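Good morning, and thank you for making time for this presentation. I should like to take you through one structure, beginning with the confidence of the model and ending with the space inside it. Please have the sequence and the structure in view.

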Amino acid sequence: MSGQRGRVRVAVVFGGRSEEHAISCISAGSVMAALDPERYEVVPVGIAKDGRWVLPDPGQRLALTDGALPEVTGGTAVSLVGDPEARGLAVLEPGAAVGRALTEVDVVFPVLHGAFGEDGTVQGLLEMTGLPYVGSGVFASAASMDKEFTKKLLAAAGLPQGDHVILRDEHGAVCADAALLGDAERERLGLPVFVKPARAGSSIGISKVTDWAQFPAAVAAAAAVDPKVVVEAAVPGREIECGILAARGSGLPEASLPAEIRLRPGVDWYDFAAKYLDDAAEFDIPADLTAEQLAAVQDTARRAYLALDCRGLARVDFFLGTGPDGADRLVINEVNTMPGFTPISMFARMWGATGVDFGELVDRLVSGALAGGARPGR
């Protein structure tokens, strides 16, 4: 171990270049507070919105305070060393041709959400360093981040999902042009539809369209976040989520007790403000499900995790409604390979209801990453 007194040295990486920068900061604050100081030595590593890596200045705010979102700003500039023998970070000093060694780390917890963090990019960088890290590898991270390829892989595994269209031109190239959704597709999808950036989270850039006159503006809003735009048919039903953890040792991944999100009267849908800024939702943890519904949610969540080749953890989001035959209809909405760890985030709350408290949850993730060691990108 490289830490003091034999403690494991954990680099907690947060912030990042995506629109989910602030949520990552809040998640990291919760993770660092949960790491047992008797076992772990934490090395906070912030990524500013412009991509600079820093050891944050003392007092870096990592919480939502009076409605103000946190942001990584100043600090000592550092870089992750690509040489596996170095196993850590280097300080980048002005005028220095080569950074000097700062510290070694044993494991990395990349508490990053969205592009340039959760999408396989940072995972690829970590693979080059030879450092073990929490969460899915390159392939699973990239595929789960891209809603188009999530849907394709889930479909290949026979898992249920809603109707959708990816906007492409006549040559098959991605093109965020509202005119590309033809009359036949509009009739098939119906209204309302949700227009989404293909590679984003926290409901950023998503619009609910209840009139086709709103559609061009919705496509433009999504394309401002990601040039690939997904148009999804609304799926009526209850919003159910389920957490997945890798098993201790071998065996199938473990599924948490599911949760249900219920929007308060007057709230149209679960957008960014409803998730993080407004008191707009109520949560049933665990969700009120029959034994058959519980088994279906947990089994389908495990299958989705395995179909995408996930590692360590994931949160699988569902709609639970009723099909034309009157039977339950369970539809996967998306799979999140690095769910939020904020005080209100569902992943930790579901595991808490299942009997795994926050400290144990974080410990399992770090211990599992260490046990797996450095592995080829996937």
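The quantity pLDDT is the predictor's confidence in each residue, on a scale from 0 to 100. I begin there because what we have is a predicted model. Averaged over the chain, the pLDDT is 90, and 90% of the residues score at least 70. One stretch calls for caution: over residues 96–100 the pLDDT is below 50. Beyond near neighbours in sequence, that stretch has five contacts in the model. Where pLDDT is low, the predicted coordinates should not be read in detail.

Let me turn to the helices, starting with H1, which covers residues 21–34. Ile23 is found in this helix. Is Ile23 buried or exposed? Its relative accessible area is 1%, and the limit for a buried residue is under 20%, so Ile23 counts as buried. Ile23 also illustrates how sequence and space diverge: Ala63 is 40 residues away from Ile23 in sequence, while their C-alpha atoms are 8.8 Å apart.

Helix H2 spans residues 121–129 and holds Gln123. By the same limit of under 20%, Gln123 is buried, because its relative accessibility is 5%. Which residues does Gln123 touch, leaving aside its neighbours within four places in sequence? Gly117 and Glu118 are among its contacts, as are Tyr133, Ser136, Gly137, Val138 and Ser141.

Next, helix H10, residues 358–372. Its 15 residues reach 21 Å from the first C-alpha to the last, close to the 21 Å expected at 1.5 Å a residue. At the N-terminal end, Asp357 acts as the cap: one of its side-chain oxygens lies 3.3 Å from the backbone nitrogen of Gly359. The buried residues of H10 form a run from Leu361 through Val362, Asp363, Arg364 and Leu365 to Val366, together with Ala369.

Finally, the interior space. How many cavities of 30 Å³ or more are there? The count comes to two. The largest cavity holds about 150 Å³ of space, and 16 residues line it. Nearest its centre lie Ser144, Met145, Ala200, Glu334 and Val335. Helix H3 (138–145), helix H4 (147–156) and strand S17 (328–336) each give two or more residues to this lining. The largest share, four residues, comes from S17.

That concludes my presentation, and I welcome your comments.

Terms used:
Residues are numbered from 1 along each chain as its sequence is written. This is a predicted model: local features need pLDDT of at least 70, side-chain atom pairs count only at pLDDT 80 or more; totals for chains, interfaces and linings use all residues. Side-chain values use heavy atoms; hydrogens and water are left out. The expected span of a helix is 1.5 Å times one less than its number of residues. Buried means under 20% relative accessible area, exposed over 50%, partly exposed in between (1.4 Å probe, protein chains only). A polar contact is a pair of N or O atoms within 3.5 Å; within protein, one must be able to donate a hydrogen and the other to accept it, and residues adjacent in sequence count only if both atoms are side-chain atoms. Contact means heavy atoms within 4.5 Å. On a 1 Å grid over the protein atoms alone, a cavity is a set of points where a 1.4 Å probe fits but cannot get out, and a pocket is an open set with protein on both sides within 12 Å along at least five of seven lines; lining residues have an atom within 4 Å of a point. Grid points are joined across faces, edges and corners, and a volume is the space filled by probe spheres set on the points.
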